[in-house]
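Here are some notes to go with the model, as numbered points. Have it open while you read.

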Protein chains: 2
Amino acid sequence: MNRIIDRNSPLSYYYQLKQIIIAMIENRELKENDRLLTEKEFCEQYDISRATVRQALQELENEDYIYKIQGKGTFVSPKKFQQDLLKFYSFTDEMKKIGKVPVSRVLNFKIIEPNSKIIELLRIQPGQQVYEFTRLRLADQEPMILETTYIPYDLFPGISKSDLEITPLYDLLINKYNTIFCKAEEMFRSTLLKEEEAEILGYIKGGPAMLLERLTYNNNQQIIEYTKSIARGDKFKYHVVLQK
Amino acid sequence: MNRIIDRNSPLSYYYQLKQIIIAMIENRELKENDRLLTEKEFCEQYDISRATVRQALQELENEDYIYKIQGKGTFVSPKKFQQDLLKFYSFTDEMKKIGKVPVSRVLNFKIIEPNSKIIELLRIQPGQQVYEFTRLRLADQEPMILETTYIPYDLFPGISKSDLEITPLYDLLINKYNTIFCKAEEMFRSTLLKEEEAEILGYIKGGPAMLLERLTYNNNQQIIEYTKSIARGDKFKYHVVLQK
DNA sequence: AAGTGGTCTAGACCACGGA
DNA sequence: CCGTGGTCTAGACCACTTC
C-alpha cells in the first residue's frame with residue numbers, strides 16, 4: 001500500500017485516502033479510539049483539499065471505521081458490530097441478563113480427521129484436521145444446551161481442552177488468534193430429544209427441542225466454526241427484532 | 001412545512017433541504033422512482049450552492065430515501081426495507097422459491113372482545129374490538145403452518161373474510177389502508193403438537209413443532225398485528241444471516 | 001485564544017447516459 | 001452533443017473543546 005495519493009491513478013483521491021486509512025486501521029497502526037490526523041494535517045500531508053479529505057472521512061464514518069467529535073478530532077471506532085454479533089450468540093450474556101449463573105462443561109475434546117459432511121460445511125480440504133468438542137451449557141446448574149463445535153485446526157493451531165475450560169471460545173479466538181468475526185449464519189429446527197441427549201440434558205426422551213446449527217465467518221470469508229446445538233424446548237426461546 | 005430555506009434558522013441549509021425532500025416523499029408528492037430536481041435546479045430554486053445540495057442528497061441516499069444514477073438524475077427509492085421485512089415473513093414467497101404452490105385457507109374469522117393477554121400484547125384499551133382469524137397455510141396441498149392472527153379493528157375497519165381469501169393480508173394492509181411496516185418482532189420456541197393441531201396439520205400428535213409469535217409495528221410504533229403460529233417441525237426451518 | 005470539526009460558497013473539469 | 005451526477009479546489013465563517 002502506497003501511503004501517497006497517486007495523481008495518475010484512475011482512483012479518486014478521496015478513495016485512495018480511504019484505503020490508506022483503512023489499511024492503517026487493519027494493520028493495527030491505528031488502534032481503537034486512537035486519534036487520526038486532523039483534517040488540516042491530512043490536507044497538508046497528502047496535498048489535497050479539505051473537501052476531499054472530508055469526503056474520505058465522511059464515508060469512513062458512515063462505514064463505522066471512525067467517529068468524529070467536533071472540537072476534539074477524529075477517532076478509530078471500536079469494533080461494535082463484532083461485539084453485537086457475539087452478544088447475539090453469547091449464552092453467557094443471555095443467562096446473566098435473566099439472573100442465572102452460566103456454566104460450561106467440556107464433555108469431549110478431540111482433534112480428528114473430519115467426515116465429508118464437516119469437510120463440506122467448513123469448506124476445507126480432505127486431510128485437514130479439525131477440532132471437535134462438545135460442551136454442555138448450564139444455567140444455575142440446570143442443563144440447557146448441548147453444543148458440538150467443529151473448528152479447522154490450521155486456522156487456530158494449539159488450542160487445548162484446558163484453554164476451553166478457562167476461556168470462553170470467542171475470547172480465545174479474538175485475543176489469542178486475532179480473529180475478526182464478520183458474519184454468522186444460523187439455522188433453527190424443531191426436533192424431539194433422543195435418549196442420550198435427553199439423559200445429558202436431564203429431560204425426557206421425546207421432549208421438544210430446538211436444533212441449532214451455526215456457521216461463523218472471519219473477515220477473509222473463511223468459515224471458522226460450525227456448531228450444532230440441541231437446546232431444551234421448555235427452556236429455550238429465540239427472539240428476533242427487525243427494524244429499519 | 002415551509003418549502004424555502006430559512007436563512008435565520010439555526011438549522012443548517014442542507015438539513016432544511018433534506019426535510020423538505022423527505023416531506024415531499026412522505027406526502028406522496030414524489031412517488032417511488034420519481035425523478036427529483038437536478039442538483040443545479042435545487043441550487044437555483046433554493047439559492048444555495050451545489051455542495052450544500054449534494055450534502056443533503058448524499059445523506060438522503062445514505063438513509064435510502066433516494067438513489068442517484070450518474071448521467072440520469074436522482075430518484076426516490078422504492079421502500080426496500082418494508083419489502084425485505086415482508087419478504088422475510090412471506091410464506092408465499094418462501095414456498096415459491098423452493099418450487100411449491102402456496103395456498104392459504106381461512107378457517108375462522110371473527111370480530112371479538114379480546115381477552116387480557118391480547119389486550120396487553122396489542123397495547124389496546126379494554127373494550128376495543130379485534131379481528132381474530134385462523135389460516136392454514138399449505139404448500140403443494142400439504143399443510144405446513146397454522147396461524148392465528150389478531151388485529152385491532154379500529155386501525156383497519158371493514159376487513160371481511162372474503163378480503164382475506166382473495167388478497168394476501170399484507171397487501172391488504174398496505175394498499176387498502178396505506179400502512180407502512182417499520183418493525184417486526186418474532187419469537188420461536190419448540191413444542192409438541194397437540195391433538196387438534198396435529199389433526200389439522202396432518203401430522204402425528206406429539207410430533208415436533210415450532211411455535212412462532214410475531215408482533216408487527218407500523219411507522220407510528222403502533223402494534224398492528226399479533227400472530228401465533230404452529231409450524232410442522234419436520235417441514236419448517238428458520239434461517240438467519242447476520243452480516244455487517 | 002487556539003485548534004478542532006461543521007457548514008457554506010463559487011467555480012472548475014470529468015465520466016456517464018441519452019438524443 | 002448536452003445535461004446529469006462525480007470529483008476537486010481554495011477559501012470563508014461558525015460551533016465546540018481545551019487551555
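1. A word on classes before anything else: Ala, Val, Leu, Ile, Met, Phe, Trp, Tyr, Cys and Pro count as nonpolar, Asp, Glu, Lys and Arg as charged, and the others, Gly among them, as polar. By that scheme the surface near DNA strand C has five nonpolar, 10 polar and six charged residues. Near DNA strand D the residues divide into five nonpolar, 10 polar and six charged.

2. Ground rules. This is a predicted model, where local features need pLDDT of at least 70, side-chain atom pairs count only at pLDDT 80 or more, and totals for chains, interfaces and linings use all residues. Residues are numbered from 1 along each chain as its sequence is written, while chains are lettered from A and ligands numbered from 1 in the order in which they are written. Helices (H or I, at least four residues) and strands (E, at least two) are DSSP runs, numbered from the N terminus.

3. DNA strand C. There are 21 residues around this strand, and Thr38(A), Tyr13(B), Ser49(B), Ala51(B) and Gly71(B) come nearest; a residue is near a molecule or strand if its C-beta atom, placed from the backbone, lies within 6 Å of it. Chain A contributes helix H2 (39-46), H3 and strand S2 (73-76) with two or more residues each, and chain B does so with helix H1 (13-26) and H3. H3(B) gives the most, three residues.

4. DNA strand D. Here 21 residues surround the strand, with Tyr13(A), Ser49(A), Ala51(A), Gly71(A) and Gly71(B) the closest. The elements giving two or more residues are helix H1 (13-26) and helix H3 (50-62) of chain A, plus helix H2 (39-46), helix H3 (50-62) and strand S2 (73-76) of chain B. H3(A) has the largest share, at three residues.

5. H1 against H3 in chain A. The axes of H1(A) and H3(A) come within 8 Å and cross at roughly 50°. Axes are lines fitted to C-alpha atoms, for helices over the stretch in contact, and angles run from 0 to 180 degrees between N-to-C directions. H1(A) and H3(A) are therefore oblique to each other (angles under 35 degrees count as roughly parallel, over 145 as roughly antiparallel, 65 to 115 as roughly perpendicular and the rest as oblique). Their crossing is right-handed; a crossing is left-handed if the near helix is turned anticlockwise from the far one by less than a right angle, and right-handed if clockwise. On the H1(A) side you'll find Tyr13(A), Tyr14(A), Leu17(A), Lys18(A) and Ile21(A), meeting residues of H3(A) that include Val53(A), Ala56(A) and Leu60(A). The contact divides into seven nonpolar, two polar and two charged residues.

6. H2 against H3 in chain A. Which way do H2(A) and H3(A) lie, roughly parallel or roughly perpendicular to each other? The axes come within 9 Å and cross at roughly 115°, so H2(A) and H3(A) are roughly perpendicular. The crossing is right-handed here. Glu39(A), Phe42(A) and Cys43(A) of H2(A) touch Arg50(A), Val53(A) and Arg54(A) of H3(A), giving three nonpolar, no polar and three charged residues.

7. Contact between the chains. Chain A and chain B put in 27 residues each; two residues are in contact if their C-beta atoms, placed from the backbone, lie within 7 Å. On chain A, two or more residues come from each of helix H4 (80-89), strand S6 (181-192), S7 and strand S9 (237-243). S6(A) gives the most, with 11 residues. The chain A side divides into 15 nonpolar, six polar and six charged.

8. Sheet ending in S9(B). This open sheet of seven strands runs S3(A)-S4(A)-S5(A)-S8(A)-S7(A)-S6(A)-S9(B), with antiparallel pairing (two strands pair if DSSP finds at least two bridges between them). S3(A) and S9(B) are the edge strands, and neighbouring strands are turned by 15° on average, direction ignored. Nine bridges join S7(A) to S8(A), with Leu212(A) opposite Ser229(A).

9. Sheet starting with S9(A). The order is S9(A)-S6(B)-S7(B)-S8(B)-S5(B)-S4(B)-S3(B), again an open antiparallel sheet of seven strands. S9(A) and S3(B) each have a single partner strand, so one side of each is left without a neighbour in the sheet. Seven bridges join S9(A) to S6(B), where Lys237(A) has Arg189(B) as its bridge partner. S6(B) and S7(B) pair over 11 bridges, and Leu192(B) stands opposite Pro208(B).
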